[in-house]
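User: Please take a close look at one part of this predicted model. I would like the parallel sheet and its surroundings, in one connected answer.

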Amino acid sequence: MNDSSGIDQVELERLVADLIDTCSTMVIATTGSKGPWAAPVYYVWTAGSFWFFSSPESRHISQALDSGQAAASIWKDSDSWRKIQGLQMTGNIRMSGNLKEKTEVSVCYLEKFPKAASILRDKLRPRPSAKTKNRVFLYAFSPQKSVYTNNELGFGFRKTVKIRSTSRKADEQAHKGHLVRVAYQNLQAKPRLGVSACLLGENVRWDGSNKYDWYIREVLGSCFDLIPVCPENECGLGVPREPVRLEGNPENPRLVAKKTRVDFTDRMQRWIDLRLEELGCLGISGFIFKSKSPSCGLQNVKVFQGDDMVNLGRGLFAAALVKRIPRIPVAEENDMSDPGWKANFIELAFNISKYL
Ligand code: SF4
């Protein structure tokens, strides 16, 4: 059907698809306690979202995840107001926690930005040596409302549009992504263990230090693929950061900054949901946690009410992992000093890996 500009819906969709295909960068706008912020990202459009790689510590990611909303725009470069053409959108941003999705989108991304290959191919395969601080993750901006502007269709032409969820080219790329994923899984020679990143020597603790554990990194690392996870850094608290602790109801404690009293529980829970989905897809066959941490501790983590320690509990990430992936063995680094315990853990992890 034609509107007053004389352009029909099919043609409008085609123009929008062309704009998205020919542009490379999208500016994301967010707002938060530090005020408004805008950041450009390189995107690829497929499966109903704009996908891009960013650091979890970046201001646009942190603010978008905290507020649950973001705005974005794409514009064609032009030297005349007559050629102004672009897309303005509101929507939300989420992190991809799904290996299939991540691999398929990465293939589309590499087709569009081949020069990013050397960096991103590395990111597809988690390694113990990967520095959490420099890692980037895949995020999706999903538009809820999109307005298309095109002065070539008439001065001030603006129309709310529905963007085609995917193009034929993206379908072809997704199929290639499937093949890459199968090849990637076949390469998986060793069973995988998740490990608190500071135990692997990564400087991700609140003060920038680590808790390198020789046995875990060097000995277990020779027979398992070790996947580093730092909940506090990866959920965006950064390094260095203010120390946090568990407070309140011991059954359902909150994660609170010691001095500023900022409550990070909701932010941490959102990150945990995504990361556990990813770890489930990666098929980890065990997890070794850093003891006593309000995020990673498996037992005997202090829970406070005011200045008083009222109970001993479990770090938020450890508690969620045990609930979500109950079949795998879990341990703290100190458990590895007991030879019997250690042997049991390793045997169980190997046995479970055969069924993943
Ligand atoms: S204990 Fe956990 S949250 Fe704390 S630094 Fe180590 S990995 Fe990060």
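Analyst:
**The parallel sheet and what surrounds it**

Arg192 stands opposite Ile284 of strand β13. That pairing is a good place to enter this predicted model. Arg192 opens strand β9, which covers residues 192–196. Strand β13 covers residues 284–289, and three bridges join β9 to β13. The two strands run parallel.

Strand β9 also pairs with β10, again in parallel, through five bridges. One of the pairings across β9 and β10 sets Ser196 against Val229. To get from β9 to β10, the chain passes through helix α6, residues 214–223. This β-α-β crossover is right-handed.

Now the sheet as a whole. It is open, has four strands and follows the order β10-β9-β13-β16. The pairing is parallel. Strands β10 and β16 (330–332) each have a single partner strand, so one side of each lacks a neighbour in the sheet. From one strand to the next, the twist averages 25°.

Is edge strand β10 largely enclosed or largely open? It spans residues 225–229, and four of those five residues are buried, so the rest of the structure largely encloses it. An edge position in the sheet and a largely enclosed setting therefore go together in β10.

Helix α10, residues 339–353, lies across three of these strands: β9, β13 and β16. It runs at about 150° to β13.

Next, the approach to β9. Lys190 sits in the loop that leads from α5 (168–186) to β9. Lys190 has 14 C-beta neighbours inside 10 Å; a residue is buried at 20 or more and exposed at 12 or fewer, so Lys190 counts as partly exposed. Beyond its neighbours within four places in sequence, Lys190 contacts Cys223, Phe224 and Asp225. Cys223 falls within the range of α6, and Asp225 within that of β10. The C-alpha atoms of Lys190 and Gly221 are 9.8 Å apart, with their positions 31 residues apart along the chain.

The ligand comes next. The shell around the ligand holds 13 residues. Cys198, Cys230, Lys290, Ser293 and Cys296 come nearest. Compare the numbering with the strands: β9 is residues 192–196, β10 is residues 225–229, and β13 is residues 284–289. Helix α7, residues 231–237, gives the largest share of the shell, with three residues. By type, the shell divides into six nonpolar, four polar and three charged residues.

Lys292 lies in the loop between β13 and β14. Its phi is positive, about 70°, although Lys292 is not a glycine. Lys292 has 16 C-beta neighbours inside 10 Å, so it counts as partly exposed.

Past α7, the chain enters the loop to β11, where Pro240 lies. The peptide bond from Val239 to Pro240 is cis, with omega near -5°.

Strand β11 belongs to another open sheet of four strands, ordered β12-β11-β14-β15. Here the pairing is mixed. The edge strands are β12 (254–257) and β15 (308–313), each paired on one side only. The twist in this sheet averages 50° from one strand to the next. Within it, β11 (residues 244–247) and β14 (residues 301–305) run parallel, joined by two bridges. Glu247 has Phe304 of β14 as its bridge partner.

After β12, the loop to α8 holds Arg261. Arg261 also has a positive phi, about 70°, and is not a glycine. With 9 other C-beta atoms within 10 Å, Arg261 is exposed.

Helix α8, residues 265–282, contains Arg270. Arg270 counts as partly exposed because it has 17 C-beta neighbours inside 10 Å. Between Arg270 and Asp66 the C-alpha distance is 9.3 Å, across 204 residues of sequence. Asp66 falls within the range of helix α2, residues 59–67, where buried residues include His60, Ile61 and Leu65. Gly68 follows α2 and has a positive phi, near 75°.

Last, the setting. The protein chain has 10 helices and 16 strands. Of its 356 residues, 35% count as buried. Among contacts with a separation of 6 or more, 66% link residues 24 or more positions apart.

Key: Residues numbered from 1 in each chain as written. Predicted model: local features only at pLDDT ≥ 70, side-chain atom pairs only at ≥ 80, totals over all residues. Pairing = 2+ DSSP bridges. Right-handed = clockwise from strand over helix to strand, strands pointing away. Axes fitted to C-alpha atoms, helices over the stretch in contact; angles between N-to-C directions. Contact = placed C-beta atoms within 7 Å. Near = placed C-beta within 6 Å. Nonpolar A, V, L, I, M, F, W, Y, C, P; charged D, E, K, R; others polar.
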